[in-house]
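Here are my notes for you, written as numbered points. Have the structure open beside you and find each residue as you read.

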Amino acid sequence: MSGMTAVAAEPFQLKRDGGDLTAGVRALEKQLKRVTLDTVLAKANRVAARKGATGAGAFGTMRPRPVDWYCFDADDNAVRDWYPQGLTCSSDAGTGGGTYVVSWYFKPETGAERGVRLSFLDTAALRYRHVLLVRAGADGDIAPIDIHAGGVAWYGDLLYVADTSRGMRVFDTRHIFEVDGDDKTRIGRKGEVHNAFGYRYVMPQTGAWTPTSGGARFSFAAIDRTTATDTLISGEYLDGPGGRVARWPLNADGTLRADAGGVASALDAYRLPEARIQGALSHDGTWYLSQAAGASRNGSLIVVGDTVRKRPYPVGPEDLTCVRDKKTLWSVTEFAGRRVIYGVPL
């Protein structure tokens with residue numbers, strides 16, 4: 001197994017593509033109550049367990065166990081329509097505190113598409129709440145966003161959600177809205193009432209960065225705050241060899257650094273050393289890669305620095321984030337009955 005090999009970054013060139021998203025957000029501003037992220041956390045309605053017993057199923061044969069972990073409630077641990085994929089935290093955002101954000105994609109056995117939701121977890125209170133991601137029309141109607149959401153990264157006020165073949169979708173934590181309907185079977189505006197499948201809060205898409213050419217995939221997302229300019233990371237999950245990862249410089253306001261034409265060029269790109277990489281993060285010149293091994297075998301954490309090492313990891317590891325002041329690397333596992341947010345030393 002070799003390390004990270006530099007490759008051409010051009011396939012990861014992204015172009016700003018806002019479309020009519022701004023008009024939709026403006027419409028919601030007039031029709032619904034806007035709330036802060038602090039309000040969402042204060043009204044978190046689900047209970048997490050720190051170092052809960054349900055984490056053990058995900059750890060499998062992993063030794064040593066993670067240094068810390070958080071378990072979802074029984075319903076979210078067991079549900080088979082929703083699958084956790086992406087993970088980011090307030091250390092990525094630069095805001096401090098102990099907030100984690102998990103992206104889930106909807107994979108229904110039956111029923112209508114519900115898209116993507118984000119779980120905002122307050123680790124101090126051990127409470128979390130789901131917020132549904134939506135696309136808002138110019139008339140204020142809302143619809144689910146049907147993507148895999150394999151990764152999420154938080155920087156400043158902005159959240160980047162990976163959209164496998166279409167780059168990165170952008171959401172803004174300053175634009176969260178409280179819906180006024182409670183119908184759990186429908187979404188959208190009917191008359192003066194908005195419903196969102198029973199979710200109390202929705203977050204409309206505010207922007208997008210789409211590839212200027214085909215060929216690149218966007219399977220995960222992370223933030224590196226140790227590069228000369230802070231960078232957004234994304235790259236490719238492939239069942240076989242050949243996956244790549246790239247980094248883009250970020251502006252202070254969280255947007256990608258782009259030229260006058262709105263094109264953001266990747267700072268660099270690398271070939272991943274192995275297949276089935278579910279998450280990638282760089283920190284202080286070292287790369288950390290989470291590698292899956294199916295629903296019954298423990299995955300691996302591949303650490304690429306001066307040498308390449310494999311460390312034990314849980315079953316079903318996904319996206320990566322890190323808590324810098326605690327020097328810990330975090331991920332989330334996806335499989336029903338064995339879902340946990342967990343941290344290991346960097």
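**Notes on strands and rings**

1. Let's start in the middle of a sheet: Ser-119 stands opposite His-130, which belongs to strand 10. Keep in mind as you look around that this is a predicted model.

2. Now zoom out to the two strands around that spot. Strand 9 and strand 10 (residues 127-136) run antiparallel to each other and pair over six bridges. Their hairpin has four residues between the strands, and Leu-126 there takes a positive phi near 55 degrees.

3. Strand 9 also pairs with strand 8, again in the antiparallel sense, this time over seven bridges. If you want a residue to find on screen, go for Tyr-100: its bridge partner in strand 9 is Leu-121.

4. Is strand 9 largely enclosed or open? Look at how many of its residues are buried. Strand 9 covers residues 116-122, and six of those seven residues are buried, so the rest of the structure largely encloses it.

5. On to the rings. You can find 14 aromatic pairs in this structure. Take Phe-59 and Trp-69: why is this pair called edge-to-face? Planes over 60 degrees apart count as edge-to-face, and these two sit at 80 degrees with their centres 4.9 Å apart, so the pair gets that name. The two rings come from distant parts of the chain, with Phe-59 in helix 3 (residues 55-59) and Trp-69 in strand 6 (residues 68-71), 10 residues apart.

6. How buried are those two? The cut-off for buried is under 20% relative accessible area. Phe-59 has 0%, so it is buried. Trp-69 has 12%, so it counts as buried too. Trp-69 also has a charged neighbour: Lys-51 lies over the face of its ring, at 6.0 Å from the ring centre.

7. Next, have a look at Tyr-83 and Tyr-105. They make an aromatic pair of the tilted kind, with 5.9 Å from centre to centre and 35 degrees between the planes. This pair also links distant parts of the chain: Tyr-83 is in strand 7 (residues 82-89) and Tyr-105 is in strand 8 (residues 99-106), 22 residues apart. Both tyrosines, Tyr-83 and Tyr-105, are buried.

8. Which lysine lies over the face of Tyr-83? That's Lys-107, at 5.7 Å from the ring centre.

9. One last stop: rings can also group up. Phe-12, Phe-218 and Trp-248 form one aromatic cluster, so to speak a little trio to pick out on your screen.

Terms used:
Residues are numbered from 1 along each chain as its sequence is written. This is a predicted model: local features need pLDDT of at least 70, side-chain atom pairs count only at pLDDT 80 or more; totals for chains, interfaces and linings use all residues. Side-chain values use heavy atoms; hydrogens and water are left out. Rings of Phe, Tyr and Trp (its six-membered ring) pair if their centres lie within 6.5 Å; planes under 30 degrees apart count as stacked, over 60 as edge-to-face and the rest as tilted. Buried means under 20% relative accessible area, exposed over 50%, partly exposed in between (1.4 Å probe, protein chains only). A charge sits over a ring if NZ of Lys or CZ of Arg is within 6 Å of the ring centre and within 35 degrees of the ring normal. Two strands pair if DSSP finds at least two bridges between them.
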